[in-house]
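Q: Please take a close look at one part of the model shown below and describe how it is built and what surrounds it. A connected account would be preferred, ending with a view of the wider chain.

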Amino acid sequence: MATAHSERTRSGDPEHLQTTPVPPVLAEPAPVDDEDAAALRVRRFHLGGLETNPADLPPDLLPALLHRFRGATVRGDYPLFLAPGGEASADPVCLPLPELLERAGSVLDDGARILRENLRRLERKLRETIAAAGPESDAAQIFAESARRLAAELTLGNEDRTRLEEDLRTLGAALPADGIFLQYHKQIDARLMTHVARAHLGPRRRAFQAETRRLAQDLRAMLKVDAVKQTGDRPDAVGDSMGAAELLDASTLAGVLGPHRGTRSMNAARRARIDHAATVLESFAAIEDLPILVWIAEEPVLVPERDTVAIPTDDPSATALGRFEEEAGQFAEVFRSIRIARLELSNDYDEDRHGPWLAAFDWEAFSREELHLLPMIVAVETPTRLAGEGMPRLSRLLLSGRPVHVLVRVHPERDPALQDGRQSDFRLELGYFGIGHRDAQVLQSTSARPVHFLAGVSSALEGVRAALHVLAIDPVADGLDPWLTAGAALEARAHPLFHYDPEAGISWAHRLRFDGNPDTEADWPTTMLEYGPKDDLRQMDLAFTFADFALLAPDAGHFHVVPAGFPEDDLIPIAAYLELSREEAEHRVPFVWAVDREGRMHRLAITRRLAAVAKNRLEFWRTLQELAGIRNEHVRAAVARALDTARREADAERARMEDAHARELAETREQATEEGLAGLASFLLGLDATDLLAGASAAPTTTTRPAAAPAAPAPADVPAAEPAVEAVPEPEEEEASAEAWIDSVLCTSCNDCMAINPKLFVYDGNKQARIGDVHAGTFEQLVMAAEKCPARCIHPGEPVDPSEPDLEDLRQRAKQFN
């Protein structure tokens with residue numbers, strides 16, 4: 001529905017309040033003579049063994065979360081502004097008063113300072129004027145009167161007053177034309193449906209009547225032309241056809257023209273067919289105030305108006321089907337004549353082809369546009385009747401395929417199947433019952449949420465199927481605005497909003513609309529409550545459950561004040577109680593918080609029967625959540641399976657990559673070792689003895705340790721002395737070098753040590769590693785490089801920095817490489 005309204009769903013929204021609430025304070029439980037006996041009475045009460053006398057309860061109790069609205073003026077969705085949608089849309093404009101002023105105020109320029117500062121005051125004047133005018137009032141007149149009162153109330157200079165009056169006229173001109181204000185009252189749902197029907201059918205009917213009038217005129221002209229053909233040689237006919245008989249001698253002219261020549265005239269059957277079609281269309285075009293809505297109910301719904309009809313009956317559903325057949329039969333004659341007119345005017349009518357089809361023409365042959373021209377037929381049923389003998393008739397209507405509407409008003413706090421004053425733990429859900437018929441539109445709404453309600457009714461009018469509208473009747477609560485009690489029914493899941501449209505798509509995601517409900521993801525809406533004295537304010541989060549909502553019902557027999565001394569461990573808030581298993585809940589007593597007129601908070605134990613009803617409400621809410629795709633267990637299971645599959649695939653891929661990396665690393669090390677050994681062998685095999693001797697006497701390199709110089713040769717003329725026989729010393733174990741060094745010839749150029757520290761390790765001209773700046777690195781890096789080297793050619797030696805941490809451990813690790 002095309003509106004600029006953001007639905008208000010939270011009755012706890014402080015923006016609705018015109019007064020500042022006073023937080024409640026905890027009431028001290030009244031002392032009892034025998035605490036054990038009092039606790040036993042409460043347990044028996046919970047189990048259903050005792051009835052509570054309402055006189056035993058504090059007066060004027062309200063749910064704790066609604067106490068601050070007691071006696072308050074609430075800025076809700078009413079007064080409501082309604083206006084036709086205009087040429088662009090069949091949907092009516094539907095705006096609460098604050099949003100109407102906000103939208104219209106967008107036309108004001110920066111100079112409208114005085115009016116902008118007094119918009120809230122103007123709103124109050126409008127509310128007062130609307131309240132005095134009655135349930136329905138003309139918007140233009142109400143605005144003009146309120147603007148006059150506002151201007152008279154303000155003390156302004158002449159210039160400012162002139163500007164204010166000019167801005168008020170600008171604001172009034174910005175309101176949609178032909179608008180009305182509606183107050184919230186008992187029959188507001190019927191008034192809203194009437195307004196929607198007028199908005200949809202009125203323009204269509206006017207356009208269709210204009211078309212029937214034009215087609216009738218064309219058919220009459222066609223017959224007139226044929227009449228001229230048949231009497232073309234008569235002097236009077238010739239004079240009439242010329243249009244100037246007083247200036248011509250018709251007899252002479254007729255003699256000159258002679259008998260008519262050319263096309264043939266119509267046969268009698270065709271003339272009769274065209275004449276009958278023209279007569280039907282003329283009769284329809286001449287009807288004023290065609291009924292747009294037919295109410296069928298046991299008792300009057302609204303006072304009949306010029307374009308509405310009321311039919312009393314004790315069987316609304318069956319009567320509505322009969323009325324549809326009657327209306328469809330009358331319109332079938334008009335639609336049949338429309339088809340005949342179009343075929344005849346285009347000279348395409350073929351009796352053998354079109355005759356049998358038109359003879360059997362009924363409502364099932366209507367086009368979608370033609371079905372939308374029929375009046376809106378509404379059967380007003382009672383829930384008690386539908387729960388009994390009326391249920392088969394309702395099913396027959398919903399399965400009929402005929403666009404007939406059924407309106408049923410239900411008490412959210414009561415089972416529609418209530419019999420003999422007894423309340424069942426389980427509840428007949430008429431909206432859910434309607435969805436079970438699959439092909440009917442089903443709207444569960446409340447007139448306290450007019451945008452949601454009007455959108456559903458508009459959708460049903462745009463459809464071509466039967467429609468069931470289940471509407472809440474607001475319970476009466478002393479001191480609370482009726483609009484608030486309706487909001488409380490939504491929050492307590494007593495009457496969830498939904499709209500099922502089988503024409504919207506092939507899946508539940510398209511067919512079921514769940515918007516408009518508060519906190520759709522949660523079981524119960526939760527609100528923070530402030531309580532206690534001003535100097536010691538405390539807070540707690542409270543869920544608003546069906547048991548809380550039941551306090552608003554006239555029957556308070558399900559509540560008992562928790563007395564002093566009752567075991568605290570046995571008490572549990574109702575929201576938590578509903579999550580317990582049967583075994584866990586067996587010895588617990590659920591309670592709700594309530595506040596009396598004096599602002600004192602009490603804990604009220606509730607009966608097991610009421611707890612069961614609250615459980616039933618919660619289960620139905622969860623069913624709707626699943627159907628709407630919210631907290632859907634099938635979706636959760638599918639998501640869990642998808643996550644598990646993705647996790648297993650990721651684990652498998654990680655294992656595959658780790659295995660591949662390990663294989664590549666092993667292959668690289670093996671290849672590096674082979675290449676190192678092959679290079680060493682090639683180097684050694686390429687040397688001869690001379691090279692080895694030369695190498696032995698050459699200066700030491702980084703791969704050899706320093707050696708002692710050879711002894712000088714004796715002179716040639718001095719005979720060599722015989723060597724002295726000396727004892728050969730025992731060979732000593734060669735000590736590890738204190739300096740770090742690399743067997744460069746064994747280096748495979750793998751870059752592993754370079755990656756650790758390119759300053760500590762450098763390449764020589766053969767791109768084989770050697771020690772660079774030993775002070776540019778740490779002993780730990782030398783040990784790490786030695787451990788990582790595939791050729792095992794790095795020898796860490798001893799640490800250069802004796803203060804480096806963990807040296808003992810590093811020396812142990814380096815020992816095998818030195």
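Where is Pro-79 found?

A: Pro-79 is found in the loop between strand 2 (62–63) and strand 3. Helices (H or I, at least four residues) and strands (E, at least two) are DSSP runs, numbered from the N terminus. The model is a predicted one, in which local features need pLDDT of at least 70 and side-chain atom pairs count only at pLDDT 80 or more, while totals for chains, interfaces and linings use all residues. Residues are numbered from 1 along each chain as its sequence is written, and side-chain values use heavy atoms, with hydrogens and water left out.

The peptide bond that joins Tyr-78 to Pro-79 is cis, with omega at about 0°. Most peptide bonds are trans.

After this loop comes strand 3, which spans residues 80–83 and belongs to an open sheet of 4 strands in the order 4-3-6-5, paired antiparallel; two strands pair if DSSP finds at least two bridges between them. Strand 4 and strand 5 (136–138) occupy the edges with a single partner strand each, so one side of each has no neighbour in the sheet. From one strand to the next the twist averages 25°. Helix 5 (residues 139–153) packs on the sheet, where it touches strand 3, strand 5 and strand 6, and its direction makes about 75° with that of strand 5. Such angles run from 0 to 180 degrees between N-to-C directions, and axes are lines fitted to C-alpha atoms, for helices over the stretch in contact. Within the sheet, strand 3 and strand 4 run antiparallel and are joined by 4 bridges. Ala-83 stands opposite Val-93 of strand 4.

Helix 2 (residues 97–104) also belongs to this neighbourhood. Of its 8 residues, 6 are buried, so that the helix is mostly covered; buried means under 20% relative accessible area, exposed over 50%, and partly exposed in between, with a 1.4 Å probe and protein chains only. The buried residues of helix 2 are Leu-97, Pro-98, Glu-99, Leu-100, Leu-101 and Ala-104. They pack against strand 3 (80–83) and strand 4 (93–96), and likewise against helix 4 (119–133), helix 6 (158–173) and strand 6 (180–182). Contact here means heavy atoms within 4.5 Å.

Helix 4 is also packed with helix 5. The axes of helix 4 and helix 5 come within 9 Å and cross at roughly 130°. Helix 4 and helix 5 are therefore oblique to each other: angles under 35 degrees count as roughly parallel, over 145 as roughly antiparallel, 65 to 115 as roughly perpendicular and the rest as oblique. Their crossing is right-handed, the near helix being turned clockwise from the far one by less than a right angle. On the side of helix 4, the residues in contact include Arg-121, Leu-122, Leu-126 and Ile-130, and on the side of helix 5 they include Ile-142, Phe-143, Ala-147 and Leu-150.

Beyond this region, the protein comprises 28 helices and 24 strands. Of its 818 residues, 44% count as buried. Among contacts between residues at least 6 apart in sequence, 73% join residues at least 24 apart.

The largest nonpolar core has 86 residues, and those with the most contacts inside it are Leu-192, Trp-295, Phe-549 and Phe-559. A nonpolar core is a set of buried Ala, Val, Leu, Ile, Met, Phe, Trp, Tyr and Cys residues joined through side-chain atoms within 4.5 Å. Helix 7 (residues 188–230) gives the most to this core, namely 7 residues. Apart from this core lies another, of 52 residues, among them Leu-219, Ala-328, Leu-343 and Leu-468.

Leu-468, in strand 12, is the bridge partner of Val-442. Strand 11 and strand 12 (residues 467–472) run parallel and are joined by 5 bridges. Because 5 of the 5 residues of strand 11 are buried, the strand is largely enclosed by the rest of the structure. Gln-441, Leu-443 and Ser-445 cover one side, and Val-442 and Gln-444 the other. The loop between helix 16 (430–435) and strand 11 (441–445) holds Arg-438, which has a positive phi of about 70° although it is not a glycine. At 54% relative accessibility, Arg-438 counts as exposed.
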